[in-house]
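This report describes the arrangement of one protein model together with its ligand. The account begins at the ligand and proceeds outward to the sheets and helices.

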Amino acid sequence: MKGKDFKIIIPRRELQKKIKELGKRISEDYSGKEPILIGILKGSFIFLADLIRVIKVPHEVDFMAVASYGQEIEGSGVVKLIKDLNINIEGKDVIIIEDIVDTGLTLNFIKKNLLLRNPRSLEIAALLDRKERRKVQMHLKYVGFTVPNEFVVGYGLDLAERYRNLPYIAKIEGSKLAQRRFEL
Ligand code: PRP
């Protein structure tokens, strides 16, 4: 963290409290069902790991990974699938798990892709919603926190692959790299 200013905006305790609440809501809403939780790699893995440990209904977990087609057209909504599900979701209740929603372009692609497979239902759980950056309207059934239009790291979120391990969400200031990534 040398030379950077990390300011904690969501401490560990608040994250854990919110995740418990989300787990309770999901457990109630999916009572009698067996949802499939789909983590979008990589950022969601820590949120997903904590969330499933507070969900009381039986469920399955799978992962997908997507990537944008090159930085020059990032933000264009052109996304490619780089890791598909291993399980069939036809007729199943599916919850997409995201760490953060910005423009909504990633989720828009994933949602359309998954709907073609005819799940019984499809909802989204996002730990963070940076809604000021939204380009595509997206209904997020479960949201942990709305965050301001600032670069954040920790709890799965990275800066050039670092800081995913921080047990809190922090604002990162004084980093030219963060600034560049954020302006894309
Ligand atoms: C982040 C996040 C979402 C996406 C949201 O992933 O996990 O998948 O960006 O952005 P959008 O709403 O503007 O589409 P990122 O590309 O940073 O990859 P990572 O999860 O592997 O860190």
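In this predicted model, the ligand is surrounded by 14 residues, and the closest of them are Glu98, Asp99, Thr103, Gly104 and Thr106. Strand S5 makes the largest contribution to this shell, with 4 residues. S5 and helix H3 each provide at least two residues of the shell. Three short distances between oxygen atoms of the ligand and polar atoms of the protein are listed below.

| Residue | Polar atom on the protein side | Distance to a ligand oxygen atom |
|---|---|---|
| Glutamate 98 | N or O atom of the side chain | 2.6 Å |
| Glycine 104 | polar backbone atom | 2.8 Å |
| Threonine 106 | N or O atom of the side chain | 2.4 Å |

Taken alone, the ligand exposes 500 Å², of which the protein buries 74%.

**The six-stranded sheet**

Strand S5, which supplies the largest share of the ligand shell, belongs to an open sheet of 6 strands. The strand order is S4-S3-S2-S5-S6-S7, and the pairing is mixed. Strand S4 (79-83) and strand S7 (142-146) occupy the edges; each has a single partner strand, so one side of each is left without a neighbour in the sheet. On average, neighbouring strands of this sheet are turned by 30° against each other, direction ignored.

Strand S2 pairs with S3 in the parallel sense over 6 bridges, and with S5, also in the parallel sense, over 4 bridges. Isoleucine 36 illustrates both pairings: its bridge partner in S3 is glutamate 60, and its bridge partner in S5 is valine 94. S2 is mostly covered, with 5 of its 6 residues buried. Further along the sheet, S6 (residues 121-129) and S7 run parallel and are joined by 4 bridges. Within this pairing, alanine 126 has valine 143 in S7 as its bridge partner.

**Helices against the sheet**

Which strands does helix H3 (residues 105-115) lie across? Helix H3 lies across strand S2 (36-41), strand S3 (60-68), S4, S5 and S6, and runs at about 165° to S5. H3 thus has a place in two parts of this account, since H3 also supplies at least two residues of the ligand shell. Helix H1 (residues 12-29) lies across strand S5 (93-101), S6 and S7, and runs at about 160° to S7.

In helix H2 (residues 45-52), the buried residues are Ile46, Phe47, Leu48, Asp50 and Leu51. The cover over the buried residues of H2 includes H1, S2, S3, S5 and S6.

**Aspartate 93**

Aspartate 93 lies in strand S5. Is this residue buried or exposed? Aspartate 93 has a relative accessible area of 3% and is therefore buried, the cut-off being under 20%. Its side chain takes part in two polar contacts: one of 2.8 Å with the side chain of arginine 120, and one of 2.6 Å with the side chain of serine 121. Leaving aside residues up to four places away in sequence, aspartate 93 touches Tyr30, Lys33, Glu34, Pro35, Ile36, Arg120 and Ser121. Ile36, in this list of contacts, is the residue whose bridge partner in S5 is valine 94.

**The three-stranded sheet**

A further open sheet consists of 3 strands in the order S1-S9-S8, with antiparallel pairing. Strand S1 (5-10) and strand S8 (152-153) stand at its edges; because each has a single partner strand, one side of each is left without a neighbour in the sheet. S1 and strand S9 (residues 169-173) run antiparallel and are joined by 5 bridges. In this pairing, isoleucine 10 has isoleucine 169 in S9 as its bridge partner.

Isoleucine 169, a residue of strand S9, has 0% relative accessibility and so counts as buried, under the 20% cut-off. Residues up to four places away in sequence aside, isoleucine 169 touches Lys7, Ile8, Ile9, Ile10, Leu15, Leu128, Val152, Val153, Gly154, Tyr155 and Leu157. Isoleucine 169 and valine 61 are separated by 108 residues in sequence and by 24 Å in space, C-alpha to C-alpha.

Notes. Residues are numbered from 1 along each chain as its sequence is written. This is a predicted model: local features need pLDDT of at least 70, side-chain atom pairs count only at pLDDT 80 or more; totals for chains, interfaces and linings use all residues. Side-chain values use heavy atoms; hydrogens and water are left out. Two strands pair if DSSP finds at least two bridges between them. Axes are lines fitted to C-alpha atoms, for helices over the stretch in contact, and angles run from 0 to 180 degrees between N-to-C directions. Contact means heavy atoms within 4.5 Å. Buried means under 20% relative accessible area, exposed over 50%, partly exposed in between (1.4 Å probe, protein chains only). A polar contact is a pair of N or O atoms within 3.5 Å; within protein, one must be able to donate a hydrogen and the other to accept it, and residues adjacent in sequence count only if both atoms are side-chain atoms. A residue is near a molecule or strand if one of its heavy atoms lies within 4 Å of it. Accessible areas come from the Shrake-Rupley method with a 1.4 Å probe; for residues, only the protein chains shown count as cover.
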